[in-house]
Amino acid sequence: MSGPDDPETTSGIDAATEQRVAPDSDGSGRVSRPATERPPYVESTIIMTTVRVIAPFVLTLGVFVMFHGASSAGGGFQGGVIAATTVVMLGFAFGIDPVADRLRNEHLGILLLAGVGTFLTIGFGGYLVGDNFLEVGGYESVMHHGTKYSIELVEVGIGVVVAGVITGLFFLLGTGINSVTVGAEEDTE
């Protein structure tokens with residue numbers, strides 16, 4: 001009967017560990033390097049070219065879904081997720097760090113503030129046109145199709161906030177929480 005103290009079992013584990021951490025593949029098709037030694041990003045011309053072609057269309061679809069959520073399928077949340085997918089695709093194709101360097105936290109903060117500001121402006125604007133918060137029927141007295149446009153602006157505000165949050169979470173998970181903490185500590189010094 002074999003157990004953890006059995007020399008045959010222990011040497012079998014050591015042999016398997018040595019085989020797994022060997023620097024080169026043994027030709028059996030198995031990955032021979034542990035995940036910590038593998039590079040986190042591998043350039044692929046096919047993926048980079050595909051993302052370069054598809055990304056503008058995905059972003060356009062996201063904006064379209066945001067704007068037409070009031071009158072058709074979709075809405076701000078769905079459109080924001082689709083728009084954030086563009087950044088995720090760029091991160092996977094070109095590396096998360098280079099994309100995060102270009103789209104920094106300040107940009108995401110401005111995006112979030114713009115979305116919240118749009119939402120609150122339309123919401124509190126309801127008081128100015130004689131209704132309550134987010135009751136957009138009063139906008140019809142201000143402009144033709146005012147109700148429709150105000151609902152679309154609310155959807156865009158929601159979509160921008162969702163896109164900013166998802167992009168921020170992607171960068172946080174992709175670049176690691178430790179790097180954010182170290183960066184915050186360096187700023188305080």
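Trainee: What share of the 189 residues in the protein chain is buried, and what makes a residue count as buried?

Mentor: Buried residues make up 25% of the 189 residues, where buried means under 20% relative accessible area, exposed means over 50%, and partly exposed is what lies in between, with a 1.4 Å probe and protein chains only. This is a predicted model, in which local features need pLDDT of at least 70 and side-chain atom pairs count only at pLDDT 80 or more, while totals for chains, interfaces and linings use all residues. Residues are numbered from 1 along each chain as its sequence is written, and side-chain values use heavy atoms, with hydrogens and water left out.

Trainee: How many helices and strands are in the protein chain, and what makes a run count as one or the other?

Mentor: There are seven helices and zero strands, helices being DSSP runs of H or I with at least four residues and strands runs of E with at least two, numbered from the N terminus.

Trainee: How do you know whether the span of helix H2 agrees with its number of residues?

Mentor: The expected span is 1.5 Å times one less than the number of residues, so the 23 residues of H2 (residues 45-67) should span 33 Å, and the end C-alpha atoms are 34 Å apart, which agrees. There is nonetheless a kink of about 35 degrees at Ile-54, shortly before the proline Pro-56, the bend at a residue being the angle between axes fitted to the seven residues ending there and the seven starting there.

Trainee: Why is Val-65 called buried or exposed, and which residues is it in contact with, apart from its neighbours within four places in sequence?

Mentor: Val-65, which has its place in helix H2, has a relative accessible area of 12%, and it is therefore called buried. Contact means heavy atoms within 4.5 Å, and beyond those neighbours Val-65 is in contact with Gly-74, Gly-75, Gln-78, Gly-79 and Ile-82. The buried residues of H2, including Met-48, Val-51 and Val-65, pack against H3 and H6.

Trainee: What makes a group of residues a nonpolar core, and which residues form the largest one?

Mentor: A nonpolar core is a set of buried Ala, Val, Leu, Ile, Met, Phe, Trp, Tyr and Cys residues joined through side-chain atoms within 4.5 Å, and the largest consists of seven residues, Val-87, Ile-96, Val-99, Ala-100, Leu-108, Phe-170 and Phe-171. Helices H4 (96-102) and H6 (146-175) each supply at least two of this core's residues, and the largest share, three residues, comes from H4. A second, separate core of six residues includes Ala-83, Ala-84, Val-156 and Val-160.

Trainee: Why is the pair of Phe-92 and Phe-170 called stacked, tilted or edge-to-face?

Mentor: Rings of Phe, Tyr and Trp (its six-membered ring) pair if their centres lie within 6.5 Å, with planes under 30 degrees apart counted as stacked, over 60 as edge-to-face and the rest as tilted. Phe-92 and Phe-170 lie 5.6 Å apart, centre to centre, with 75 degrees between the planes, and form an edge-to-face pair. Phe-92 lies in helix H3 (residues 76-94) and Phe-170 in H6, so the pair ties together parts 78 residues apart in sequence.

Trainee: How do you know whether Phe-92 counts as buried or exposed, and what about Phe-170?

Mentor: Phe-92 has 56% relative accessibility and therefore counts as exposed, whereas Phe-170, at 13%, counts as buried.
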